[in-house]
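Work through the exercises below with the sequence and the model side by side. Try each task before reading its solution.

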Amino acid sequence: MVLVHIEVDSNGNIHLLALHDDANRIYTWIYDIATDSWNSGLNSFPGAHGSIQPGRSSFSLDSSNQPHVVLMKGTSSSSADSSISYSFYDNTAQNWVERFNDATPSGNYGVNMELDSNDDI
C-alpha cells in the first residue's frame, strides 16, 4: 500500500486515501477515535500508481465530513488517454457519487482541489 492522503474530520477521526497495490484499487479507510479502530476499508476507485501520485490526486473533507476526491488517470502525466474525475462520498447513501469524468489534454501534469466555506469545489 502506498500512502497518499490523510485528513482529520471535525470529530477527530482520521481519513486515509491510499492505493491497495495487490488489488490495483484506491481505498479509503477511517480511524474512529471513539472505538479506537480502523474500518475495514472502502473499495473506492480503480487505480494505479500513476493516478494517485502526489500532484495527480487531491483529497479533502467538507464541513459534513464527506470526502471529496479528484483523480487524474492515464498511463502517464502526458499521455493522450489522461482523464480527470471528481467524486464525493455521500454519507447518507453510503456510496461514492461521480460528478464528472472528462478527458484532459496531454501535457496536463496535475490537479488540486479546494473547498470553499459553502463546501463548493
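**Exercise 1. Classify Asp9, then place it in the fold.**

Solution. Start with accessibility. Asp9 has a relative accessibility of 9%. The cut-off for buried is under 20%. Asp9 is therefore buried, because 9% falls within that class. Next, find its element. Asp9 sits in the loop that links strand E1 (2-8) to E2. Last, look for a partner distant in sequence. Ser64 lies 55 residues away from Asp9 along the chain, yet their C-alpha atoms are 8.6 Å apart.

**Exercise 2. Decide how far the model can be trusted, and where.**

Solution. The model is predicted. Begin with the whole chain. Its mean pLDDT is 82, and 82% of the residues reach at least 70. Now go element by element. Confidence is highest in strand E4 (residues 37-38), with a mean of 94. Confidence is lowest in helix H1 (residues 49-52), with a mean of 63. Then apply the general caution. Where pLDDT is low, predicted coordinates should not be read in detail.

**Exercise 3. Write down the order of secondary structure elements.**

Solution. Count the elements. The protein chain has one helix and nine strands. Then read along the sequence. The pattern is β-β-β-β-β-α-β-β-β-β. Finish with overall burial. The chain has 121 residues, and 39% of them count as buried.

**Exercise 4. List the residues of the largest nonpolar core and trace the strands that supply it.**

Solution. List the members. The core has ten residues: Leu17, Leu19, Ile26, Phe45, Phe59, Leu61, Val69, Leu71, Tyr89 and Trp96. Map them to elements. At least two core residues come from each of strand E2 (14-20), strand E6 (57-61) and strand E7 (67-73). Check for another core. A second, separate one has seven residues, including Val70, Phe88, Val111 and Met113. Compare with the general expectation. In soluble globular proteins, nonpolar side chains tend to be buried together.

Now take one member in detail. Leu61 belongs to strand E6. Its relative accessibility is 16%, so Leu61 counts as buried. Leu61 and Tyr89 are separated by 28 residues in sequence and by 9.6 Å between C-alpha atoms.

**Exercise 5. Describe the largest pocket: volume, lining and chemistry.**

Solution. Take the volume. The largest pocket holds about 180 Å³ of space. Go to the lining. It has 15 residues, and the closest to the pocket centre are His15, Ile30, Pro67, Tyr89 and Asn91. Assign elements. E2 and strand E3 (25-32) are the elements that give two or more residues to the lining. E3 gives the largest share, three residues. Sort by chemistry. Eight lining residues are nonpolar, six are polar and one is charged. Note the overlap with Exercise 4. Tyr89 is a member of the largest nonpolar core and is also among the residues closest to the pocket centre.

**Exercise 6. Find the side-chain partner of Ser57.**

Solution. Locate the residue. Ser57 is in strand E6. Check burial. At 4% relative accessibility, Ser57 is buried. Now search for polar contacts. The side chains of Ser57 and His5 are joined by one of 3.0 Å.

**Exercise 7. Which residues other than glycine have a positive phi, and are they buried or exposed? Compare Asn65 and Gln94**.

Solution. Take Asn65. Its phi is near 65°, a positive value in a residue other than glycine. Asn65 lies in the loop between E6 and E7. With 14% relative accessibility, Asn65 counts as buried.

Take Gln94. Its phi is near 60°, again positive in a residue other than glycine. Gln94 lies in the loop between strand E8 (83-90) and E9. With 52% relative accessibility, Gln94 counts as exposed.

**Exercise 8. Characterise the surroundings of Asp116.**

Solution. Place it. Asp116 is in the segment that follows strand E9 (95-103). Classify it. Its relative accessibility is 38%, so Asp116 counts as partly exposed. Look for a backbone partner. The Asp116 side chain reaches the backbone nitrogen of Asn118 at 2.8 Å. Then look along the sequence. Ser63 is 53 residues from Asp116, and their C-alpha atoms are 9.9 Å apart.

Methods
Residues numbered from 1 in each chain as written. Predicted model: local features only at pLDDT ≥ 70, side-chain atom pairs only at ≥ 80, totals over all residues. Heavy atoms only, no water. pLDDT = per-residue confidence, 0-100. Helix = DSSP H or I, 4+ residues; strand = E, 2+ residues; numbered from the N terminus. Core = buried A, V, L, I, M, F, W, Y, C linked by side-chain atoms within 4.5 Å. Buried < 20%, exposed > 50% of the residue type's maximum accessible area, 1.4 Å probe, protein only. 1 Å grid on protein atoms, 1.4 Å probe; cavity = no way out; pocket = protein on both sides within 12 Å on 5 of 7 lines; lining within 4 Å. Points joined across faces, edges and corners; volume = space filled by probe spheres on them. Nonpolar A, V, L, I, M, F, W, Y, C, P; charged D, E, K, R; others polar. Polar contact = N/O pair within 3.5 Å; in protein donor to acceptor, adjacent residues only side chain to side chain.
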